[in-house]
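Please examine the sequence and model shown below, with attention to how the strands pair and how the nonpolar side chains gather. The report then follows those two topics.

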Amino acid sequence: TVNGAAVNITIPNATAKSGPTPVEGDWYVSQDGDDSNNGKSADTPYATIAKAVSSAANGDVICVLAGNYTVTSVIDVSKAITIKGEGWDKTVVNGGSNRMFALKNAAAKLEGMKLTGATANTRGAAVHMTDGTISWCYISGNIRSGTDYKGGAVSILKGTIDHSVFADNTSTMSGAAIGGSNPNGDILIDTCLVYGNGMTSGSSGSGGIDFDNLNNVTCTIRNCTVVDNTSFGDFPAGIRVTGTGKAILINNIISGNIRDNSGKSELNLAVTKSLLDTTASRNCIITGTKDTDATYYRDAGAVSVISGSSAVVPTFVNAASGDYHLAEGSSAIAAGVTYTGIGVDLGGAAFAATPSVGCYEYSGDVPPAPTTYEVSWTGGANANIDVKANGSAISSGALVGDGTNVVFTVTPNTNYE
């Protein structure tokens, strides 16, 4: 704000596209709405997502307008509907002491929103999926307790998760970010960033992705960046897949994932030997020195059997600040393989003909983050400039003269005003 009046500024180093902005739908929800409205337009929106879901029919689209929403009891999505926010930087859904969403239809979809703050005593604190799709969502800060099945922030038994970020989720059961016990259908994890997730202290399990007893189904993980997650016990901190079905790994970065109670040793991956499809799996970067044992391909052991793979540690623009764009000269640049269905990266840019490994294509023009950013005032008189990050003041009431600046630091995945 400038002298109390809101102004718009452009921050140049957004780290990811946050999902498409809905322009039209069948039902609308607004934080300023009312469930007594008819919900059929942006001028007469409902106040709650639950009301819109109960009103929607198969094939409908629910537009959740920019704002903050709270979900305190699970919303069952058993219809073939899409619940679409205006982007994860605009539409924020906060959880309570229960799971937020349960997707139960192959055509059910959550898109373009941030899911955060849920605390649940069961798998899938944010979402439990028996089928459906999560797309362009930012899922962070969710806490799962209880010891029933795997899956912390999201548990999935069948379906697709694409173009989403999982960060800083914690769990008492393996798969603090994404997991599933006894999946009953094929699973696709596509172009996702999974970082900073971990197990509750003393709880054995993987902090990243864990699918247990994957029998007679296929799990495909492709163009994902799974980094800097933690585990406890003899579990890989990045990805673990067990069972007698099929696991396909393509163009993934799996690196820097640490077993927190094992002398900070790196263990990124463990996949049942008979499960890993070594023909379809291609071109991953998997660091770490663990090799095969009687049951699993692990780290270096997986590199040796997945064609085109490497153990060269990739470099990022600024991993410490959550910016996992590829740095110039990174081992992941143009190290991937194309495949049917490859689309855009997590920033919305097309993958190259010879794609990079991980969730971001290398563009060569991504600035480092955090970076210094200046707001200039040229109004001809002194002004008070306030800058907020995620609602908290970082430069409050700064009195500046004409032509002078307020300087602050920009970090990824932060809303500035």
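Strand β12 (residues 143–144) and strand β16 (residues 170–171) run parallel and are joined by two bridges, where strands are DSSP runs of E with at least two residues, numbered from the N terminus, and two strands pair if DSSP finds at least two bridges between them. Within this pairing, Thr170 of β16 is the bridge partner of Ile143. Both strands belong to an open sheet of four strands with parallel pairing, in the order β9-β12-β16-β20. Because β9 (119–120) and β20 (198–199) stand at its edges with a single partner strand each, one side of each is left without a neighbour in the sheet.

This is a predicted model, in which local features need pLDDT of at least 70 and side-chain atom pairs count only at pLDDT 80 or more, while totals for chains, interfaces and linings use all residues. Residues are numbered from 1 along each chain as its sequence is written, and side-chain values use heavy atoms, with hydrogens and water left out.

Strand β7 (residues 101–111) takes part in several parallel pairings, which are set out here.

| Strand paired with β7 | Bridges | Example of facing residues |
|---|---|---|
| β4 (residues 75–77) | three | Val77 and Leu103 |
| β5 (residues 82–85) | three | Thr82 and Lys109 |
| β10 (residues 127–135) | seven | Met129 and Leu103 |

The largest nonpolar core (a set of buried Ala, Val, Leu, Ile, Met, Phe, Trp, Tyr and Cys residues joined through side-chain atoms within 4.5 Å) has 69 residues, of which Ile62, Ile83, Phe101, Leu115, Val127 and Ile161 touch the most other members. Its largest share, four residues, comes from strand β7. Leaving aside residues up to four places away in sequence, Phe101 touches a set of residues that includes Ile49, Val74, Val77, Ile83, Leu110, Leu115, Val127 and His128, a contact being heavy atoms within 4.5 Å. A second, separate core of 18 residues includes Trp136, Ile253, Ile285 and Cys359.

Taken over its whole length, the protein chain has two helices (DSSP runs of H or I, at least four residues) and 38 strands. Of its 417 residues, 54% count as buried, that is, under 20% relative accessible area with a 1.4 Å probe, protein chains only. Among contacts with a separation of 6 or more, 70% involve residues 24 or more positions apart. The accessible surface comes to about 15,700 Å², of which 46% belongs to carbon and sulfur atoms, as computed by the Shrake-Rupley method with a 1.4 Å probe.

Methods. Buried means under 20% relative accessible area, exposed over 50%, partly exposed in between (1.4 Å probe, protein chains only).
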